[in-house]
Amino acid sequence: MGYKVVVVGATGNVGREMLNILAEREFPVDEIAVLASRKSLGTEVSFGDKTLKTKDLDTFDFTGWDMALFAVGSDATKIYAPKAAAAGCVVIDNSSLYRYDPDVPLIVPEVNADAIMGYTKKNIIANPNCSTAQMVVALKPLHDRAKIKRVIVSTYQSVSGAGKEGMDELWEQTKAVYNPVHEVPPKKFTKQIAFNVIPHIDVFLDDGSTKEEWKMVAETKKILDPKIRLNATCVRVPVFVGHSEAINIEFEEPLDWQEAQDILREAPGIMLIDKREPGGYITPIESVGEYATYVSRVRQDPTVDNGIALWCVSDNLRKGAALNAVQIAELLGNRVLKKG
């Protein structure tokens, strides 16, 4: 026996990636439904060697379905996730709507798998922000060894984090630079993204930080440890897929860079690629289509006691979104539903 699975938002970047990963990982699916808004109704999407037609989210009955992977914005999630949950279908939500709800577990399976049992309060599980997901995978094994006090992170986030519109804008602006027949003014982003970087993701808050930066702080505390102090600077860069992060970590206990390497080499979900030579590190383009969270450039930080700096890269459509959601589905199946 397998599971009856629904993918909501199946025509978007993350929804399509969810379908790819469910097929790649041979998730035990008995029946699958792909849902989209009315404007995308009938659009065909791939699931392994099958082609599926999208159904109308507005009229779909979730009764009898085991789990629904949601890859739509918070507005649509607010309407349809409670309907699915009330019908007995466990929701795994990729939006930000439920991440900070104390009655909804926020899960990265390599980090806090045991928290999944809290799903019963609302029948909903939240998927973290893409930049948080890869970071906490790298932080967790180091935190277990030496206890993290403080983290400073600067992100280099790809345009796919802003959806298809972000990818299209980078592509069109890049072409316009080389063939300046017509201007492509910013629409999705606040400034030109081609050949540029933008230190602004999501809305600004009263303290001068952006909501993306606030998310990394709040989610790391909820997933890993509420005592960790964290400061983030989130930057959009002209890369199509793959988020990168420069992470500086201050520990309570001494930890040298060689031991940090050894810990990360054995940690679940991590691939350590760290040779101190030209090219002995991972860049975002090499992470595309891969499951791993890559760590490179592990070194001592001499400016603080017990400090380590590292470089972290992952495919944001995978570990940052679709892969993590499928891993949550696997965890839910193995620990709770036990059908597959």
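## A bridge between two strands

In this predicted model, Lys-149 and Glu-250 form a salt bridge, with their closest N and O atoms 3.6 Å apart. Lys-149 belongs to strand S9 (residues 148-157) and Glu-250 to strand S11 (residues 243-251), so the pair ties together parts that are 101 residues apart in sequence. The two partners are worth a look for their surroundings too: Lys-149 counts as partly exposed at 30% relative accessibility, whereas Glu-250 is buried, with a relative accessible area of 14%.

## From helix H1 to helix H9

Another salt bridge joins the side chains of Arg-318 and Glu-17, at 2.6 Å from N to O. This pair links distant parts of the chain, with Arg-318 in helix H9 (residues 318-337) and Glu-17 in helix H1 (residues 13-24), 301 residues apart. Arg-318 counts as buried at 4% relative accessibility, and Glu-17 is buried with a relative accessible area of 14%.

## Within helix H4

Lys-140 and Asp-144 also meet through their side chains, in a salt bridge of 3.2 Å, N to O. Both residues sit in helix H4 (residues 130-146), 4 residues apart, or about one turn of the helix. Lys-140 is partly exposed, its relative accessible area being 22%.

For the wider picture, a search of the whole structure finds 21 salt bridges.

## A nonpolar patch

Turning to the surface, Val-177, Tyr-178 and Phe-195 make a nonpolar patch of about 370 Å². Val-177 lies in helix H5 (residues 163-178) and counts as partly exposed, at 42% relative accessibility.

How values were computed. Residues are numbered from 1 along each chain as its sequence is written. This is a predicted model: local features need pLDDT of at least 70, side-chain atom pairs count only at pLDDT 80 or more; totals for chains, interfaces and linings use all residues. Side-chain values use heavy atoms; hydrogens and water are left out. Patches are made of residues with over 30% relative accessible area and no salt bridge: like charges are joined within 9 Å, nonpolar side chains (Val, Leu, Ile, Met, Phe, Trp, Tyr) within 5 Å. Accessible areas come from the Shrake-Rupley method with a 1.4 Å probe; for residues, only the protein chains shown count as cover. A salt bridge is a side-chain nitrogen of Lys or Arg within 4 Å of a carboxyl oxygen of Asp or Glu. Buried means under 20% relative accessible area, exposed over 50%, partly exposed in between (1.4 Å probe, protein chains only).
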